[in-house]
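Thanks for coming. I will go through the ligand site to begin with, and then the sheet and the helix that goes with it.

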Amino acid sequence: MTITPNSWQLARRAARMNPSAIREILKVTERPGIISFAGGLPSSKTFPVAEFEAACAKVLQDDPAGALQYAASEGYGPLRERVAHTLSQQSAAAGVPWAVDPAQVLITTGSQQGLDLVAKVLIDAGSKILVESPTYLGAVSAFVPMEPEVVSVASDEYGVVMDDLQTKTANARFLYVLPNFQNPTGRTMNEARRAAVSALATERGLPLIEDNPYGDLWFEAAPPAPLSARHPDGCIYLGSFSKVLAPGLRLGFLVAPKAVYPKLLQAKQAADLHSPGFNQRMIAEVMKDGFLDRHVPTIRALYKAQRDAMLAALTQHFGSMPAGDVALPAAPADTRLTWNRPDGGMFLWARLPQGMSAQDLLPFAVAQGVAFVPGAPFYADHGDARTLRLSFVTPSVEDIHCGVAALAVGIQKYAASLQAIATL
Ligand SMILES: Cc1ncc(COP(=O)(O)O)c(C=O)c1O
């Protein structure tokens, strides 16, 4: 018998693993010379290289056998303790005490693995799961192979809309939420919405998956306390070292209630036995003595300056654009680009005038030397084709100004092409 491509019978779930729409778009936008607002990467300027160099040497000196040996699936004890301590401290400071026990902390290979473990442990074929609209595409990619029914909950500038959530909780396995500086919209759930979601989840017995990789990157004030602090037995909290230290180490964590922790741990064991022990020790070494208290403010200052530059450039190029400049033949009421003002994180969300599509705009923008990610792929149901995600963390302030100017020209050329088609 010879092996042919047809000899490989793929599992049903494999058919549901598709190349990320965004990865495909990024390939187009990664040409040299393009100013990219498209990427989702943290700025490499923020990586504490010297500290990692010193920590690497120290870890190998102190306990080389321990650092290089197989290790516990739960994670490195001192790192779990530090995570528990930091979360407890932060929630107390935000006014909602949450006594996180290190025994509830599971160190994961990035928070992306946390999402994968959640999918394996909580989703059966046909299970209903609720997500924000739009939501983090990487989470949907982790959930979808388990064959759930993914239901989008209508969302506004503060996250899920309560009236819609009320109608959708029946038989849902969980609601996946990103309360802080959400990817892709940059929005933050305010205190009132957190209290309402938490109260409804408690009343209905709806588990929450709270994903918080950006929460430390606030610009003016720390965000309200996590949902998990209000509802600890009903939440799995996901965190990450990617945005405050370095994503290349692939380390994150989850905090889970006793009822599900053992299963998540078993799924973790099956997936990779444990996250790299050497990396965990390096991070613990770097973090000791309060390093993050000094380091994270420098990331906030850098990103805030860049967010401010993007807001200023948008106002300069679009704020004063008279209605009609990019008006389309149907003469819609809203003819201007609009955008939000994220209070932290890495992304800003914008919407094109009525009748335009961000996907169709992209080649016009790339021709002007600037790239972004269209927003539609971030919706689990029918996407809003007019939306786009702009990352402000990797380009310099100067490039942000040039890139937004190029975007304005791209939009005008795109609008002109639509006018031309309409007058044919
Ligand atoms: C909302 C969200 N969750 C999870 C992740 C995964 O992060 P990591 O696996 O690097 O911790 C990302 C990455 O960008 C993200 O934006």
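Start at Tyr 214. Its side chain puts an N or O atom 2.6 Å from an oxygen atom of the ligand. Keep in mind that this is a predicted model. With the protein in place, 92% of the ligand's accessible area is covered, out of the 400 Å² that the ligand has on its own.

Two other polar pairs involve a ligand oxygen. At Ser 111 the partner is a polar backbone atom, at 2.7 Å. At Asn 183 the partner is an N or O atom of the side chain, at 2.9 Å.

Now the whole shell. There are 13 residues around the ligand, and those that come nearest are Ser 111, Asp 211, Tyr 214, Ser 240 and Ser 242. Sorted by class, 4 are nonpolar, 6 are polar and 3 are charged.

Which helix gives the largest share of that shell? That is α6, residues 110-122, with 3 residues. The helix α6 also lies across five strands, namely β2, β7, β8, β9 and β10, and runs at about 155° to β9.

That brings us to the sheet. The sheet is open, has 7 strands with mixed pairing, and reads β2-β10-β9-β8-β7-β3-β4 in order. At the edges are β2, residues 105-108, and β4, residues 149-153, each pairing on one side only. On average, neighbouring strands are turned by 20° against each other, direction ignored.

One pair in detail: β7, residues 172-177, and β8, residues 208-211, are parallel and share 3 bridges. Leu 175 has Leu 208 in β8 as its bridge partner.

Methods. Residues are numbered from 1 along each chain as its sequence is written. This is a predicted model: local features need pLDDT of at least 70, side-chain atom pairs count only at pLDDT 80 or more; totals for chains, interfaces and linings use all residues. Side-chain values use heavy atoms; hydrogens and water are left out. A residue is near a molecule or strand if one of its heavy atoms lies within 4 Å of it. A polar contact is a pair of N or O atoms within 3.5 Å; within protein, one must be able to donate a hydrogen and the other to accept it, and residues adjacent in sequence count only if both atoms are side-chain atoms. Accessible areas come from the Shrake-Rupley method with a 1.4 Å probe; for residues, only the protein chains shown count as cover. Helices (H or I, at least four residues) and strands (E, at least two) are DSSP runs, numbered from the N terminus. Ala, Val, Leu, Ile, Met, Phe, Trp, Tyr, Cys and Pro count as nonpolar, Asp, Glu, Lys and Arg as charged, and the others, Gly among them, as polar. Two strands pair if DSSP finds at least two bridges between them. Axes are lines fitted to C-alpha atoms, for helices over the stretch in contact, and angles run from 0 to 180 degrees between N-to-C directions. Contact means heavy atoms within 4.5 Å.
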